[in-house]
Amino acid sequence: MLLSLILGVPLLAAIAVAIPISVFVAECLLAAWLPTNKTSTEQLRESAQVAVLMPAHNEADTITPVLQGIQQQLRPQDRLLVIADNCTDATAQVARATGAQVLERQDTQRRGKGYALDFGLRALSADAPDVVVMMDADCITTKGSLLTLAAKAMATGRPIQSRYLFAVPDQKSTKALISAFAITVKNWVRPLGLRQLGLPSLLFGTGMAFPWSVLTAVDVASGHIVEDMKLGFDLAIAGSPPLFDPTVQVMGQLPDSNHAATSQRTRWEHGHLKVLQDYVPQLLGQSLRLARLDLLALGLELAIPPLTLLVMLWGLTLALTTVAGLIGWGWLPASIAAASGGALLVAIAAAWCRFARKDIPLSTLVSLIGYLLWKIPLYFKFLVKPQSDWVRTERSQVKSTTQK
């Protein structure tokens, strides 16, 4: 009995890695090979009220162009509310100077973006808008995009997530380019693949529009370091799974310094892995109990680890199953792992060719091994001491951008 269990370990490992790879491959190929379904062009009714809610922590140096770009898109009845959250700089004064409404929040015990958003929503509830659009203080949107998101949220009655990408610093390092590609796959390619099947999307934290009635049905207050993903799953379980709109683009800026980049990726990926642990069983269980395909799709989507970790896990599995084959335990597990790796390579190539070829040289992807080595300590740290507190990433100057 014990021997049978031991012999089955390589096969179980191969299958465990093959499942998320299969979902990843399907999403990428659907996005790359199928024509993008046209999105409807709803018009926001003239009487509708939109509120843009922006949490900001020590953003005095970079927030002005962001607020100016947003205000140029709003109508007289719309509002821009900035929550200067636990700031120790002049964020509130700088934001007010642009004409934005600003509320200051000081609470060192309840830190994090989720608490700032909850504070803002409570303030808005006195004269509730029809739609709330959430924007980060370091993101630029194209003209008209905010009202487009709001119109689609009102028309569908569901949360709408825009395409959220990152510009690389002027000094383009291999690490930054690969990071930008990984974000492109996560925030554009994979959600587009799900959209091709009429399935919901994750939330990415900015460029999100919510009907007021939907947003207030869940508790937004949270100190979770990836509160956006958590909010998306809470909304989905409550009956309002988010939809992805690839036609509206929001751009952020990758950090210039290596230290800031490491801090940002640690927060994102530790948060992703923590949400994966907490929500995959819940989403899959609820999908079976309620017979809901959308929750099953979100559960499988969340079960895919970050791209570089997925590649690492595949490499370890291939090594394990190859050793098992060499010592006479059978070659089926190694065959499954090899086939999974081949499919993964095809999916990554298809995603690069369709969505990133103009911006990211092929030679950069060939340097992936160095990027993987840089990420190993990050994942090891998750096993030893995962990050649980929200930490602000050092900002670069926000640059204007055009729609891709």
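Is Ala-291 buried or exposed? In this predicted model, Ala-291 has a relative accessibility of 69% and therefore counts as exposed, the cut-off for that class being over 50%. The residue belongs to the loop that links helix H9, residues 258-290, to helix H10. Its backbone is also notable for the sign of one torsion angle: phi of Ala-291 is near 55 degrees, a positive value in a residue other than glycine. Most residues other than glycine have a negative phi. A second case is Asn-58, which is not a glycine and has a positive phi of about 55 degrees. Asn-58 is likewise a loop residue, placed between strand S1 (50-56) and helix H2 (63-71).

Helix H10, which follows the loop containing Ala-291, was examined next for its packing. The axes of H10 and helix H8, residues 227-237, come within 10 Å of each other and cross at roughly 160 degrees. Angles over 145 degrees count as roughly antiparallel, and H8 and H10 are therefore roughly antiparallel to each other. The crossing in which H8 passes H10 is left-handed.

H10 also takes part in a nonpolar patch on the surface. The patch is formed by Ile-15, Ile-19, Leu-293, Leu-296 and Leu-300, which together have about 410 Å² of accessible area. Two helices, H1 (2-33) and H10 (293-302), each supply at least two of the patch residues. The greatest contribution is that of H10, with three residues. On the side of H1, one of the residues is Ile-15, which is found in that helix. Ile-15 has a relative accessibility of 37% and so counts as partly exposed, a class that lies between the limits of 20% and 50%.

Charged side chains were considered separately. The count of salt bridges comes to 14. Among them is the pair formed by Asp-118 and Arg-122, whose closest N and O atoms are 2.8 Å apart. Both residues are in helix H4, which spans residues 113-124, and because they are four residues apart there, about one helical turn separates them. The two partners fall into opposite classes of accessibility. Asp-118 is buried because its relative accessible area is 12%, which is under the 20% limit. Arg-122, by contrast, counts as exposed at 59% relative accessibility.

Another salt bridge connects Glu-104 and Arg-96, with 3.3 Å between the closest N and O atoms. Glu-104 has a relative accessible area of 47% and is partly exposed. Arg-96, at 39% relative accessibility, also counts as partly exposed.

In helix H9, the side chains of Asp-278 and Lys-274 meet in a salt bridge with an N to O distance of 2.7 Å. Their spacing of four residues in H9 means that Asp-278 and Lys-274 are separated by about one helical turn. Asp-278 is partly exposed, with a relative accessible area of 36%, and Lys-274 counts as partly exposed at 37% relative accessibility. Beyond such pairs, Asp-85, Arg-105, Asp-107 and Arg-110 are joined into one network by salt bridges that share partners.

Methods. Residues numbered from 1 in each chain as written. Predicted model: local features only at pLDDT ≥ 70, side-chain atom pairs only at ≥ 80, totals over all residues. Heavy atoms only, no water. Patch = residues over 30% accessible without salt bridge, like charges linked within 9 Å, V, L, I, M, F, W, Y side chains within 5 Å. Areas by Shrake-Rupley, 256 points an atom, 1.4 Å probe, with all protein chains shown as cover. Salt bridge = Lys/Arg side-chain N within 4 Å of Asp/Glu carboxyl O. Buried < 20%, exposed > 50% of the residue type's maximum accessible area, 1.4 Å probe, protein only. Axes fitted to C-alpha atoms, helices over the stretch in contact; angles between N-to-C directions. Parallel < 35°, antiparallel > 145°, perpendicular 65-115°, else oblique. Left-handed = near helix turned anticlockwise from the far one by under 90°.
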